[in-house]
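Work through the exercises below with the structure open. Try each task before reading its solution.

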Amino acid sequence: MADLMSMTQKELVQAVEAMGEKKFRAGQLYDWFHKKGIWDYEKMQNLSLKLRQKLQQEYPLPDCKEVKRLVSQIDGTTKFLFELWDGNVIESVWMKYKHGNSVCISSQVGCRMGCRFCASTLDGLVRNLTASEMLMQVYAIQQLTEERVSNVVVMGTGEPFDNFDNLMHFLTILTSPEGLNISQRNITVSTCGLVPRIREFADAKMAVTLAISLHAPSDAMRQELMPVAKSYTIQEILDACRYFVEQTGRRVTFEYSLVKGQNDSVEHAAMLAELLKGLLCHVNLIPVNPIKERDYRQSETASIEKFKNMLEKNHINVTIRREMGRDISAACGQLRRDYRQGGTQ
Ligand code: SAH
């Protein structure tokens with residue numbers, strides 16, 4: 001049974017009515033959870049003590065407590081470590097940009113996708129996060145920083161499309177006018193490429209940006225970096241992306257982490273350009289971020305520039321992702337399941 005904070009407005013009305021309570025109580029609860037960011041029944045002063053006790057008994061709420069904060073000396077990026085009700089610890093990142101504040105949230109405790117260069121998957125998957133646990137990361141950061149969050153990226157620990165139903169609940173609630181009302185256009189969901197879920201996501205016709213972690217211009221090379229590439233070919237992923245563009249009219253972002261000597265030559269760039277020809281898309285190049293368990297090195301600046309120029313020559317939109325918070329292990333692929341294992345010390 002889902003907790004009340006993970007429910008859409010419609011589901012919450014049903015749950016409240018099933019408890020024998022009046023419908024308007026659902027509106028009050030939704031307002032406390034998603035407008036005010038409160039997940040403690042005791043603080044909900046417009047509910048009677050009796051109702052608060054009943055709610056506590058029938059629908060205990062999850063939790064998301066700050067246990068550690070790391071601030072980057074380089075760019076002010078902040079990594080928050082949150083402890084959940086069951087003792088699991090997750091990481092979320094807060095980034096300040098000129099155009100507004102962005103939060104990168106985790107969607108699972110751990111991850112089972114096994115990408116070779118990524119720290120989040122080293123210990124496998126522990127469990128999915130509920131929609132409320134994804135929301136709480138945003139609400140908590142907004143309260144702790146006392147600043148409004150305008151952008152949310154689902155690019156922290158976990159594979160969001162491996163937790164699809166909870167992700168969709170999260171997105172529905174986060175963008176609802178009665179909640180935080182974040183614009184769909186200001187949200188990005190990143191996936192390693194689970195093809196059936198890409199199609200399902202396209203069918204939801206949300207104006208959310210879809211980012212695909214591609215990282216290689218051939219299936220053979222992709223398989224060396226990402227085990228999921230054995231389940232879905234690049235062509236299958238691109239077909240699903242074309243379907244997404246058809247359904248939503250939105251361009252797809254391809255993330256490509258450059259690993260020195262592995263996927264970063266001009267020939268690789270030419271292969272990538274050939275693959276993406278005619279697709280409404282944008283490529284985001286990420287110099288791979290080192291993790292201590294693996295020996296992947298960042299490409300030289302000159303090779304990154306050459307790679308970028310080759311794509312541009314082929315009329316592909318491309319940017320190099322600015323690295324944020326590397327000194328606190330807050331950059332892409334550096335988030336971990338549990339800081340007590342030494343990841344962020
Ligand atoms: N599971 C999702 C989202 C999480 S990771 C996905 O795979 O897209 C967000 C991005 O960081 C992905 O593109 C991922 O492949 C990339 N990434 C992971 N480890 C990295 C590393 N060490 N350096 C650079 N990018 C990395």
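**Exercise 1.** How many residues surround the ligand, and which are the closest?

Solution. This is a predicted model. Start with the shell: 18 residues surround the ligand. The closest are Phe117, Ser190, Ser213, His215 and Asn289. Next, sort the shell by class. Seven residues are nonpolar, nine are polar and two are charged.

**Exercise 2.** Find polar atoms of the protein that face nitrogen or oxygen atoms of the ligand, then state how much of the ligand is buried.

Solution. Begin with the ligand nitrogen: a polar backbone atom of Asn289 is 2.8 Å from a nitrogen atom of the ligand. Turn to oxygen. Glu255 places a polar side-chain atom 3.3 Å from a ligand oxygen atom. For Cys192, a polar backbone atom is 3.5 Å from an oxygen atom of the ligand. Now take the area. Alone, the ligand exposes 530 Å², and the protein buries 96% of that. Last, trace the shell to its elements: strand E8 (187-191) and strand E10 (252-258) each give two or more residues.

**Exercise 3.** Describe the overall build of the protein chain.

Solution. Count elements: the chain has ten helices and twelve strands. Then check compactness. The radius of gyration is 21 Å, close to the 20 Å that the globule rule gives for 345 residues, so the chain is as compact as a globular protein of that length. Look at burial: 57% of the 345 residues are buried. Finish with contacts. Among those between residues at least 6 apart in sequence, 66% join residues at least 24 apart.

Terms used: Residues are numbered from 1 along each chain as its sequence is written. This is a predicted model: local features need pLDDT of at least 70, side-chain atom pairs count only at pLDDT 80 or more; totals for chains, interfaces and linings use all residues. Side-chain values use heavy atoms; hydrogens and water are left out. A residue is near a molecule or strand if one of its heavy atoms lies within 4 Å of it. A polar contact is a pair of N or O atoms within 3.5 Å; within protein, one must be able to donate a hydrogen and the other to accept it, and residues adjacent in sequence count only if both atoms are side-chain atoms. Accessible areas come from the Shrake-Rupley method with a 1.4 Å probe; for residues, only the protein chains shown count as cover. Helices (H or I, at least four residues) and strands (E, at least two) are DSSP runs, numbered from the N terminus. Ala, Val, Leu, Ile, Met, Phe, Trp, Tyr, Cys and Pro count as nonpolar, Asp, Glu, Lys and Arg as charged, and the others, Gly among them, as polar. The radius of gyration is taken over C-alpha atoms; the globule rule is 2.2 Å times the number of residues to the power 0.38. Buried means under 20% relative accessible area, exposed over 50%, partly exposed in between (1.4 Å probe, protein chains only). Contact means heavy atoms within 4.5 Å.
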